[in-house]
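Colleague: I would like a close look at one part of this model, taking in what surrounds it. Please go through it step by step and set it against the chain as a whole.

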Amino acid sequence: MKCSVCGVNQGTKLCDYVVDQVISVRQVLNRTCDKSLCVSCSLHLGGNYDFCPEHAQKIKKQMFEREKQVCRQ
Ligand SMILES: [Zn+2]
Ligand SMILES: [Zn+2]
């Protein structure tokens, strides 16, 4: 599968951003973005997770918002 961001390299990673949660009787399934990403297009924000550029930006923004809230307290 080709990388869905650059369309050039082989996509070896998937975006781990949780877009939806499917709650069934037995378990909670996290539906992730699952965009295929090559090494140079995936963004690493700690842990074992890789994100597409779009979602990495979203997460960074969320982290920033949280930090602002902490400062205000
Ligand atoms: Zn790529
Ligand atoms: Zn994504």
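Modeller: A residue counts as buried if 20 or more other C-beta atoms lie within 10 Å of its own, as exposed if 12 or fewer do, and as partly exposed in between. Cys38 has 19 C-beta neighbours inside 10 Å, so Cys38 is classed as partly exposed. I take Cys38 and its surroundings as the part to examine, bearing in mind that the model is predicted.

Cys38 sits in the loop between β4 and β5 (43-44). Setting aside residues up to four places away in sequence, Cys38 touches Cys3, Cys6, Asn9, Gln10, Gly11 and Thr12. Phe64, in contrast, is 26 residues from Cys38 in sequence and 26 Å away in space, C-alpha to C-alpha. Phe64 falls within helix α1 (residues 53-72).

Strand β1 (residues 13-14) includes Lys13. Beyond its neighbours within four places in sequence, Lys13 contacts Leu37, Ser42 and Asp50. The C-alpha atoms of Lys13 and Phe51 are 8.8 Å apart, although 38 residues separate the two in sequence. Lys13 is partly exposed because it has 19 C-beta neighbours inside 10 Å.

Leu37 links this region to the core. The largest nonpolar core has seven residues: Cys3, Cys15, Tyr17, Leu37, Cys41, Phe51 and Cys52. Two of these have already come up as contacts, Cys3 for Cys38 and Leu37 for Lys13. Cys15, another core member, touches Thr32, Cys33, Asp34, Lys35, Leu37, Asp50, Phe51, Cys52 and His55, leaving out residues up to four places away in sequence. Asp50 is thus a contact of Cys15 and also of Lys13.

Asp34, also in the list for Cys15, belongs to the loop between β3 (28-32) and β4 (36-37). The phi angle of Asp34 is near 60°, a positive value in a residue other than glycine. Asp34 has 13 C-beta neighbours inside 10 Å and therefore counts as partly exposed.

On the other side of that loop, β3 pairs with β2. The two strands run antiparallel and are joined by five bridges, forming a hairpin with four residues between them. Within the pair, Asp20 stands opposite Arg31 of β3. Strand β2 (residues 18-23) is hardly covered, with a count of zero buried residues among its six.

For the chain as a whole, the order of elements is β-β-β-β-β-β-α, that is, six strands and one helix. Buried residues account for 18% of the 73 residues. The radius of gyration is 15 Å, whereas a compact globule of 73 residues would have one near 11 Å. Along the principal axes, the C-alpha atoms fill a box of roughly 45 × 35 × 15 Å. Of the contacts between residues at least 6 apart in sequence, 40% join residues at least 24 apart.

As for confidence, the mean pLDDT of the chain is 93, and 97% of the residues score at least 70. Among the elements, β4 has the highest mean, 98, and helix α1 the lowest, 89. The strand that precedes the loop of Cys38 is thus the element with the highest mean pLDDT.

Methods
Residues numbered from 1 in each chain as written. Chains lettered and ligands numbered in written order. Predicted model: local features only at pLDDT ≥ 70, side-chain atom pairs only at ≥ 80, totals over all residues. pLDDT = per-residue confidence, 0-100. Core = buried A, V, L, I, M, F, W, Y, C linked by C-beta atoms within 7 Å. Contact = placed C-beta atoms within 7 Å. Pairing = 2+ DSSP bridges. Rg over C-alpha atoms; globule rule 2.2 N^0.38 Å.
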